[in-house]
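Open the model in your viewer and keep the sequence panel visible. The stops below are given in the order to select them.

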Amino acid sequence: MKLSNVIFDIGCVLVSCDWTSYLHSFGFDRETEAAVVKAVFWGPYWKEVDRGVWSDDQILEAFTSLAPAYRHEIKQVYTHADRSITGLSYARPWIQELKSRGLRVYYLSNYGEELRRRTADALNFLDLMDGGLFSYEAKEIKPEKPIYLELMRRYPEILPEESVFIDDSEPNIITARELGLHGIVFQNQAQAISELEKLI
């Protein structure tokens with residue numbers, strides 16, 4: 001097998017997503033924090049942020065419908081969600097090293113448009129990549145198959161048997177494998193590199 005393409009998820013792989021510390025920064029009491037996290041991050045509607053179809057007002061209304069008493073706190077947390085995302089020092093060097101070996105590097109990420117705009121500094125590796133697809137651009141999200149197929153439609157050089165997808169979500173990797181790609185469930189960089197080297 002010749003590996004030609006490495007496809008990265010972004011959140012919790014190439015950037016840090018520290019929702020816990022971010023929530024603690026508001027100083028909410030335990031009950032409030034639990035209600036907010038359940039409505040915003042653990043509820044059924046965050047995927048609509050990533051899908052990029054609903055307006056911010058629609059999303060906030062959906063979050064609030066799950067915890068009406070915490071409307072103000074939910075709005076605070078959602079409005080400043082970019083503060084939970086920080087860059088990782090290994091992202092650019094890792095991409096550069098892979099490209100120096102003749103591999104093409106892409107991204108496939110569930111990511112909202114406004115969050116992307118606000119986290120541009122943390123995404124400072126995008127200019128190194130050969131292309132990619134954010135969920136808000138496709139109006140589709142992982143682990144649904146259409147977003148993977150759209151990535152491959154846009155980049156015909158991504159042949160499944162020559163490509164590996166690295167993502168911290170096992171369901172996302174299962175879908176990739178169902179479509180013929182190789183998959184690595186990301187736990188940390190050292191583990192991912194070790195598994196990737198076996199494929200290269």
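The tour covers two backbone oddities, a cis peptide bond and one helix residue.

This is a predicted model, in which local features need pLDDT of at least 70 and side-chain atom pairs count only at pLDDT 80 or more, while totals for chains, interfaces and linings use all residues. Residues are numbered from 1 along each chain as its sequence is written, and side-chain values use heavy atoms, with hydrogens and water left out.

Select Cys12, in the loop between β1 (5-8) and β2 (15-17). Helices (H or I, at least four residues) and strands (E, at least two) are DSSP runs, numbered from the N terminus. Cys12 is not a glycine, yet its phi is positive, about 70 degrees. Most residues other than glycine have a negative phi, and most peptide bonds are trans. Cys12 is partly exposed, at 34% relative accessible area; buried means under 20%, exposed over 50%, and partly exposed in between (1.4 Å probe, protein chains only).

Go next to Lys139, in the loop between α8 and α9. Lys139, also not a glycine, has a positive phi of about 60 degrees and is partly exposed, with a relative accessible area of 37%.

Now select Pro143, in the loop between α8 (135-138) and α9 (145-154). The peptide bond leading from Lys142 into Pro143 is cis, with omega near 5 degrees.

Finish at Glu48 in helix α3 (residues 46-51). Is Glu48 buried or exposed? Glu48 is buried, with a relative accessible area of 10%. Show contacts (heavy atoms within 4.5 Å): leaving out residues up to four places away in sequence, Glu48 touches Val53, Trp54 and Ile59.
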